[in-house]
Amino acid sequence: MSKNLNEDEIKQTMLENTEYDSQEKEEIWNKIESEIKQSEQNNKKQAVKKRYAILITAAAAVFLLFGTETGTGYALIDKVKQLFVPEKKVPLSIEGTEEETDVTLKESADYVIYVDEEHYRYEEKEGYDLIVPKVDLPERYPEVSMEIRQISDKKPDEVLKDVQDELRKSFPELKAPEKVTTPIKGWMLKGIAGVEWDSPVSKTYIISNGQAGSFVIKQTYFLEASEGHAVRFDNMLKEFKLIPKE
Amino acid sequence: MELNEKKLIQDILGGDKAAFKKLYDIHFNQGMRTAIAITRDREVAKDALQETFIRVYRNLSSYDESQPFEPWFYRILINECNRLLKKEAKIKQLVQAQKTEVNSSNSPKEEYDDLYEAIQSLKDMYRHPLILKYLKGFTERDIATCLEINVNTIKTRLLKGREKLRKLLNEKRGGQHV
């Protein structure tokens with residue numbers, strides 16, 4: 001068969017077999033509109049609850065600035081940490097469903113993060129911290145974790161190359177690094193090894209530690225968990241805050 | 001991204017609902033067709049497209065405007081199609097397990113031509129790139145961005161997908177040259 005004819009034939013058959021009823025367009029739009037309206041009404045209610053949390057965070061930021069400028073010591077930083085509420089609820093969209101997750105404050109010497117302790121546990125390891133599913137996954141599932149590691153003597157741009165080289169060993173199709181602003185501001189590297197439900201995925205964020213170093217935050221999960229664990233990990237990262245040094 | 005689309009997205013981010021409706025009107029036709037082809041099920045396709053637009057609306061602030069919009073949109077659409085298909089498969093399993101008598105003639109089967117049937121019989125790794133290329137009209141680079149796969153891999157999969165189609169059609173059409 002001629003190449004062109006074949007390609008036209010493929011296109012034609014796809015168009016012919018994917019016809020739809022024009023009324024469906026209006027029907028789907030009405031559902032979308034109603035769903036958005038409903039969720040916006042819910043958001044307004046949540047916004048009132050969040051206002052209190054925002055006030056506390058703003059107060060903490062002022063305290064941090066004051067503390068670092070005057071150098072009043074670790075005691076002040078400890079006071080700042082205390083300003084982060086120990087527990088709170090954060091909104092989360094998992095597989096299209098909106099939910100509120102209870103998160104708990106975890107503090108290291110250099111950062112704070114709110115961990116979703118309903119689903120995960122936070123472990124302090126030698127040289128890094130690890131967030132893993134609260135209940136160990138059955139053996140047939142690949143690893144799921146989020147590792148937070150500080151590299152105190154290399155800036156993000158310097159660390160990027162090392163992490164890229166390391167990841168390429170397991171993820172030959174590693175995507176080019178992307179600069180992201182959400183869930184956290186920095187570099188993002190993503191690799192997927194395959195197209196099966198259990199194909200390993202690695203998503204690594206590299207951010208500044210506010211000094212001359214970096215944090216490397218490595219999420220490990222599998223393809224089917226892209227809308228589950230991956231979303232929960234990113235949601236926790238939105239609450240990642242650095243504690244400035246004196 | 002075209003200037004008009006960029007403006008549209010900025011308007012939506014600014015809370016303009018009419019701009020979101022415009023975006024819907026622009027992308028509905030090809031989005032719907034793609035969802036039908038990917039899911040092979042019109043009802044699932046409708047749900048997937050609906051969820052996709054809702055996700056786009058909610059997550060538009062995280063979309064990087066320096067990148068083309070469509071691969072981002074279709075990545076969400078394909079993820080939604082896959083997610084709903086899995087859900088559907090679980091429900092079907094449950095229903096099937098509960099049914100004692102199943103009359104297959106109760107569920108209408110759509111009639112497709114040989115070529116479309118052959119396309120739909122391919123594995124997703126070949127089927128999805130072919131749908132995005134020939135139905136959506138994406139370039140290989142757009143498909144690579146959308147499916148988060150290396151562009152050379154996409155080229156190979158398109159090539160192999162077409163080879164497999166040719167073989168399948170040869171078999172279906174009784175060995176005559178196609």
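This is a short talk on a predicted model with chains A and B, mostly about the helices of chain B.

Okay, hi everyone. Keep in mind throughout that we're looking at a prediction.

Let's begin with chain B as a whole. It has eight helices and zero strands, so if you read from the N terminus you just get α-α-α-α-α-α-α-α. Of its 178 residues, 35% are buried. And if you take the contacts in chain B with a separation of 6 or more, 64% of them link residues 24 or more positions apart.

Now some helix pairs. Generally, you describe two packed helices by the angle between their axes and the distance between those axes. Take α2(B), residues 17–39, and α3(B), residues 42–59: they pack at about 140°, and their axes are 9 Å apart. With that angle, α2(B) counts as oblique to α3(B). The crossing of these two is right-handed. If you want to find the contact on screen, look for B:Phe20, B:Tyr24 and B:Met32 among the α2(B) residues, and B:Leu49, B:Phe53 and B:Tyr57 among those from α3(B). By class, that contact comes to eleven nonpolar residues, three polar and one charged.

Next, further along the chain, α6(B). How many of the 13 residues in this helix are buried? Eleven, so to speak mostly covered, over residues 124–136. The buried ones include B:Leu130, B:Ile131 and B:Leu132, but also B:Arg127, B:His128 and B:Lys133. Just after α6(B) sits B:Gly137, with a positive phi of about 85°.

Then there's α7(B), residues 140–147, and α8(B), residues 151–172. Their axes come within 8 Å and cross at roughly 110°. That makes α7(B) roughly perpendicular to α8(B). From α7(B) you have B:Glu140, B:Arg141, B:Ile143 and B:Ala144, and they meet B:Val151, B:Ile154, B:Lys155 and B:Leu158 of α8(B). Sorted by class, this contact has five nonpolar residues, no polar ones and three charged.

Last thing, the two chains together. Here 27 residues of chain A are in contact with 32 residues of chain B. On the chain A side, α1 (3–16) and α2 (23–70) each supply at least two of the touching residues. Which helix gives the most to that side? It's α2(A), with eight residues. And the make-up of the chain A side is ten nonpolar, six polar and eleven charged residues.

That's it from me, thanks.

Methods: Residues numbered from 1 in each chain as written. Chains lettered and ligands numbered in written order. Predicted model: local features only at pLDDT ≥ 70, side-chain atom pairs only at ≥ 80, totals over all residues. Contact = placed C-beta atoms within 7 Å. Helix = DSSP H or I, 4+ residues; strand = E, 2+ residues; numbered from the N terminus. Nonpolar A, V, L, I, M, F, W, Y, C, P; charged D, E, K, R; others polar. Axes fitted to C-alpha atoms, helices over the stretch in contact; angles between N-to-C directions. Parallel < 35°, antiparallel > 145°, perpendicular 65-115°, else oblique. Buried ≥ 20, exposed ≤ 12 C-beta atoms within 10 Å, placed from the backbone. Left-handed = near helix turned anticlockwise from the far one by under 90°.
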